[in-house]
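User: Could you take a close look at one helix for me and walk me through how it sits in the rest of the chain? Informal is fine.

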Amino acid sequence: VDAVFRAQRKLSFTYGAIFFGVTLGIPAGSVWVESWYATPIWGGFTPNYLFVSLIYFLFLWTMAWTYSKQADGLDDKLNAMADAAEAELRKNGGAS
């Protein structure tokens, strides 16, 4: 159980750090990289605007989906461990 909890904590912190880094990178790029906010690439859209209006939301949905799948896998592992423990308890006569 401890290994599953450690894996869940690692997963949560990893995805949190990625989210924080990308989210912080948007305004940081606007401060330090002029081409990020001042170079029109299509019809006046800048890379910053395109990223924030489209790519960022795709990134968030993809990140949420992959996190959910990985977290569900850890939950399934924990449920299997609980089922095995319950089966073992029943096998041994339900002694507490």
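Analyst: A quick definition before anything else: two residues are in contact when they have heavy atoms within 4.5 Å of each other. Also keep in mind that this is a predicted model.

The part to look at is α3, which runs over residues 47–91. Here is the setting. The protein chain has three helices and zero strands, in the order α-α-α along the sequence. The C-alpha atoms fill a box of roughly 75 × 20 × 10 Å along the principal axes. The radius of gyration is 22 Å, whereas a compact globule of 96 residues would come out near 12 Å.

Now to α3 itself. With 45 residues at 1.5 Å each, α3 should span 66 Å, and its end C-alpha atoms are 63 Å apart, so the two values agree. There is a bend on the way, though: a kink of about 40° is centred on isoleucine 55. After α3 comes glycine 93, which has a positive phi, near 85°.

Which residues of α3 are buried? They are Asn48, Phe51, Tyr56, Met63, Ala71 and Leu74. These residues pack against α1 and α2, the latter covering 34–38.

Start with asparagine 48, which is found in α3. Asparagine 48 counts as buried because its relative accessibility is 15%, and the cut-off for buried is under 20%. Setting aside neighbours within four places in sequence, asparagine 48 is in contact with Ile26, Ser30, Trp36 and Tyr37. One of those partners, Ile26, is itself a buried residue of α1, and isoleucine 26 also marks a kink of about 30° in α1, shortly before proline 27.

Leucine 60, also in α3, gives a contrast. Leucine 60 is partly exposed because its relative accessible area is 24%, and that class lies between the 20% and 50% cut-offs. The C-alpha atoms of leucine 60 and leucine 11 are 16 Å apart, with their positions 49 residues apart along the chain.

Further along α3 you reach alanine 71, which touches Gln8 and Leu11, not counting residues up to four places away in sequence. Alanine 71 also belongs to the largest nonpolar core, a set of six residues: Val4, Leu11, Tyr15, Met63, Ala71 and Leu74. The elements that give two or more residues to this core are α1 and α3. As background, nonpolar side chains tend to be buried together in soluble globular proteins.

What does the picture look like from α1, which covers 2–32? The buried residues of α1 are Val4, Leu11, Tyr15, Ile26 and Gly29, and they pack against α2 and α3. For α1, 31 residues at 1.5 Å each should span 45 Å, and the end C-alpha atoms are 43 Å apart, so here too the values agree.

Stepping back to the protein chain, 12% of the 96 residues count as buried. Among contacts between residues at least 6 apart in sequence, 60% join residues at least 24 apart. The protein chain exposes about 7300 Å², with carbon and sulfur atoms supplying 68% of that.

Note on methods: Residues are numbered from 1 along each chain as its sequence is written. This is a predicted model: local features need pLDDT of at least 70, side-chain atom pairs count only at pLDDT 80 or more; totals for chains, interfaces and linings use all residues. Side-chain values use heavy atoms; hydrogens and water are left out. A nonpolar core is a set of buried Ala, Val, Leu, Ile, Met, Phe, Trp, Tyr and Cys residues joined through side-chain atoms within 4.5 Å. Buried means under 20% relative accessible area, exposed over 50%, partly exposed in between (1.4 Å probe, protein chains only). Helices (H or I, at least four residues) and strands (E, at least two) are DSSP runs, numbered from the N terminus. The expected span of a helix is 1.5 Å times one less than its number of residues. The bend at a residue is the angle between axes fitted to the seven residues ending there and the seven starting there. The radius of gyration is taken over C-alpha atoms; the globule rule is 2.2 Å times the number of residues to the power 0.38. Accessible areas come from the Shrake-Rupley method with a 1.4 Å probe; for residues, only the protein chains shown count as cover.
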